[in-house]
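Biologist: Before we talk about this protein, could you put the sequence and the structure up for both of us to see?

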Amino acid sequence: MPFELKHVNVYLLRDGDGFTLIDTGLRTDESRQTLNQKLTALKVPVDRINRILITHIHPDHFGLAAELRDGSGAELVIHRLEVSLMEPRYARAEDLVHDVAAWLSKNGVPPAEAEFVKSASMAAREFVSVVEPDTLLEGAERLPIDSSEMEVVWTPGHSPGHCCLYWPARGVLFSGDHLLPKISPNIGLHPQSGADPLDDYIASLERIRRLQVESVLPAHGDPFRDHRARIAVIVRHHEERKAALVELARDGAKSGWQLAAGLFQGIMQRNVFQQRLALQETLAHCQSLAVEGRLRKQVSRELVTWRAA
Ligand SMILES: [Zn+2]
Ligand SMILES: [Zn+2]
């Protein structure tokens, strides 16, 4: 991928005479070629893919879904909360940019910066095409796979309809972006997110923690074991970040943008995409702190502010 994160893993599972694909990669020539080369090497013609399971609609996971479905006739399966994000994000992005601009200004982003930051993810559109899924999930579905079953585990947080796939017979968890070996996935509060995404995320980690898992097969990075140890590290990371925010908000009410600048000093000097992620991430932590009563959140027509309780 032409991003900082260089690779996304997609998984091909044998399923009787056919195959199931988990996620697709970006809609770029390089990504398409890589996938086709692998399928050829495995002697799997694309029309033997019967089902495409999508963990969430970020372009690196969903980008090629439309053309793969068209090429294979596969059943396209995704959580229903992801579907409502698709149209505004990828087909009517101008309206969304308008909402995002208002939201940036409320969170203290100065007009000059907001002008750039608001369109920060417009570029993502070229890596995706919109497609109507065949089957919608809500979580807890049992999907037959190769004479056993996979369980859909709804894991909101990184995206409202993110799903992991748990295959108990193999002790395998396909974790998408929910649980990654090296980085913690971006958890952001923004106009399309859940209302308290960090707490959703932590609750979803708990849901995963209880499962009996031998190997985690993530969407980025190498497979790993001991999901519980990895979850403990991530939970601690978010606790530390929350504690740092309470400190930053001790000396009076601050906007999300001011707090993000304090929390992510290095990142805020980087590109607008990073700045926007930093703001969203900061706000997700602030919201969780406000729900806990550790920050006081105040809203007016013009501004949202936070200060230590
Ligand atoms: Zn993602
Ligand atoms: Zn991803």
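Biologist: Which protein donors hold the zinc ion (ligand 2)?

Modeller: This is a predicted model, in which local features need pLDDT of at least 70 and side-chain atom pairs pLDDT 80 or more, while totals for chains, interfaces and linings use all residues. Residues are numbered from 1 along each chain as written, chains are lettered from A and ligands numbered from 1 in written order, and side-chain values use heavy atoms without hydrogens or water. Donors are N, O and S atoms within 2.8 Å of the metal (3.2 Å for Na, K and Ca), and sites may look incomplete since water is not among the atoms. At 2.1 to 2.8 Å from the zinc ion (ligand 2), the protein donors are Asp-60 (OD), His-61 (NE2), Asp-177 (OD), Asp-177 (OD) and His-220 (NE2).

Biologist: Which residue coordinates both zinc ions?

Modeller: The zinc ion (ligand 2) and the zinc ion (ligand 1) lie 3.5 Å apart. The residue that coordinates both is Asp-177.

Biologist: How many residues apart in sequence are the parts that His-61 and His-220 tie together?

Modeller: Helices (H or I, at least four residues) and strands (E, at least two) are DSSP runs numbered from the N terminus. His-61 lies in helix α2 (residues 59-62) and His-220 in the loop between β10 (215-218) and α8, so the parts they tie together are separated in sequence by 159 residues.

Biologist: Is His-220 buried or exposed?

Modeller: Buried means under 20% relative accessible area and exposed over 50%, with partly exposed in between (1.4 Å probe, protein chains only). His-61 has a relative accessible area of 0%, and His-220, at 5% relative accessibility, counts as buried.
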